[in-house]
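Here are my notes on the model, as numbered points. Please read them with the structure open.

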Amino acid sequence: MRVTMILPALTEATSPLFRPIKYSLFPPLGLATLAAYLRDDDEVRILDEHVERIDDVVADDRPDLVVIQVYITSARRSYELADAYQERGVFVALGGLHVTSLPEEAAAHADAIFLGPGEDTWPRFLDDFRRGSAEKRYVSTERTLKGLPPVRRDLIRRERYLVPNSIVVSRGCPHHCDFCYKDAFFEGGKSFYTQLVDDALAEIERLPGRHLYFLDDHLLGNRRFAEALFDGMAGMGRVFQAASTVDAILRPGLLEKAVDAGLRSMFVGFETINDANLAEQRKRQNIGRDYGAVARRLHDAGVMVNASFVFGMDGDGPDVFDRTVAWAVENGLETATFHIMTPYPGTALFRRMEADDRLLHTDWDRYDTRHVVYRPKGMTGVQLEAGYWRAYRDFYRWGAIWRGAATKSGAGRWRHLAYAGGWKKFEPLWDSLIRSRQVLRALPLLESTLNGLERPLKTG
Ligand code: B12
Ligand code: SF4
């Protein structure tokens, strides 16, 4: 059987909004996970539009089956590709977050759709498809990662990504924030579950080099699992980045184990520095927490902070941008990701906005956390978009980077400068590395920066 798997991109690579380095970070792990269920004699390839032009390749591609992973921002492009394949008589399977949120919309462009994670439905579909009796809709109910076949990393062209060693060892998250994709995606079954520790360690062992990036929503979400994982990783000589929540970071003991295992940078969902917003969004795990203490605890442990903030919640006024940036700089946060609040279909936030008639449109292309798609309460949409871009500019000005770095001493200061500066200030260099397919060459530099500017290690 011949199978083409596609991860379409949200914009053409030529758009001025396209930051090549952001899109050349992570390979399509979801598709490589699904590819593992195919047989040895199946012919499969993965196309990732974030790192390659695919128009010529798909123009007269006629596999037996095409699989497209649909995110909200890539829905339009996904449907365009799906329609073209269907016209050629190719069987189209659509799955992923957006398909789960809006199955009827997706079904109009597919022969089969998949709701929820694919580990139970996908192998069932493959059997049906081979027998010629595929159904139109598969809904995931059984949630486990036990016995997962090894991710088909051989299908990933490593040289095209800065972080080819991205890895997920769990699915979902134990929390329930109103704006998050998670509850809608995992409806009908468990919404947080992990691999067996030994399987996760075996997956890590299979990854070459030293650097790892855990894409799990909340790597510290299951304490017993995380402790066993970090114990198993201690001594492996890995350097890794991960994501977690403020409450888990403040909990004594676990962070220390993570650091011993190689944790050097943490993505933290601070979301807002306004407590009223947290209650509104049911982000209970953040309410009343001392955010300054979170930053200090991570820094004291030698871990850099990549903070996530959302602007435009109902308690936000026009002063929120300056206050957030000032707080982030004062607390020495190395990097920050800002978002304009975006109500994804399927979420409680979307339902609330719809009921209050606050949604401006359903042009999913612009549901990208960079555009205002609803009527904000505390400011105008124009103020919100302008403030969002200003926050990025102000946070990544050299002056702010210096001030943030100056909150630290010694190697921590230099690491802050190298990491924050490298990420935002050397765009032309990243672009040329990406264009020449050499981006992976920057990995040893990333590793040594994470590790406090030790000499770059030679990796294969
Ligand atoms: C890595 C990542 C990226 C990477 C690239 C994506 C990639 N390579 O897959 C980059 C940095 C480019 C990125 C960018 C953005 N991202 Co992003 N990203 C992620 C992240 C952290 C991990 C994705 C991942 O690998 N998951 C692990 C794998 C195993 O799961 P999976 O991909 O979902 O695949 C499973 C299922 O979905 C299903 N499945 C998927 N496709 C199919 C198809 C079939 C046929 C079947 C059967 C099953 C199936 O089976 C798979 C196995 O279970 C997720 C958060 C998350 N936890 O998923 C956010 C996330 C997907 N991103 C999100 C957003 C909003 C964005 C941005 C718009 C943000 C921004 N402002 O820039 C951009 C635009 C993305 C785009 N191209 O359209 C949202 C998506 C919301 C939505 N409803 O679509 C998420 C969920 C983050 C969040 N919590 O809000 N992102
Ligand atoms: S903590 Fe993060 S991943 Fe978990 S539900 Fe909230 S926003 Fe989603």
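1. A term first: a residue counts as near a molecule if its C-beta atom, placed from the backbone, lies within 6 Å of it. In the residue classes, Ala, Val, Leu, Ile, Met, Phe, Trp, Tyr, Cys and Pro are nonpolar, Asp, Glu, Lys and Arg are charged, and the others, Gly among them, are polar.

2. This is a predicted model, in which local features need pLDDT of at least 70, side-chain atom pairs count only at pLDDT 80 or more, and totals for chains, interfaces and linings use all residues. Residues are numbered from 1 along each chain as its sequence is written, while chains are lettered from A and ligands numbered from 1 in the order in which they are written.

3. Ligand 2 is surrounded by Cys 173, His 175, His 176, Cys 177, Cys 180, Lys 182, Asp 217, His 218, Thr 245 and Gly 269. By class, this shell has three nonpolar, five polar and two charged residues.

4. Ligand 1 has 39 residues around it, and those that come nearest are Leu 10, Gly 30, Gln 69, Gly 95 and Gly 118. Elements giving two or more residues to this shell include helix H1 (20–23), helix H2 (29–35), strand S3 (65–69) and helix H7 (121–131). Helices (H or I, at least four residues) and strands (E, at least two) are DSSP runs, numbered from the N terminus. H2 gives the most, with four residues. The shell around ligand 1 divides into 22 nonpolar, 12 polar and five charged residues.

5. Where does ligand 1 lie relative to domain 1 and domain 2? Ligand 1 lies between them, because domain 1 (2–139) and domain 2 (162–445) both give residues to its shell. The domain bounds come from an automatic or database domain assignment.

6. An unreviewed UniProt entry annotates residues 159–377 as "domain: Radical SAM core". UniProt positions are given in the numbering used here, feature names are shortened, and annotations may be inferred rather than shown by experiment. In the model, the span 159–377 is 33% helix and 19% strand, and its end C-alpha atoms lie 45 Å apart.

7. On helix packing, axes are lines fitted to C-alpha atoms, for helices over the stretch in contact, and angles run from 0 to 180 degrees between N-to-C directions. Angles under 35 degrees count as roughly parallel, over 145 as roughly antiparallel, 65 to 115 as roughly perpendicular and the rest as oblique. The axes of H9 (residues 197–206) and H10 (residues 223–233) come within 10 Å and cross at roughly 40 degrees, which makes H9 oblique to H10.

8. H18 (residues 398–406) and H19 (residues 410–425) pack at about 150 degrees with axes 8 Å apart; H18 and H19 are therefore roughly antiparallel.
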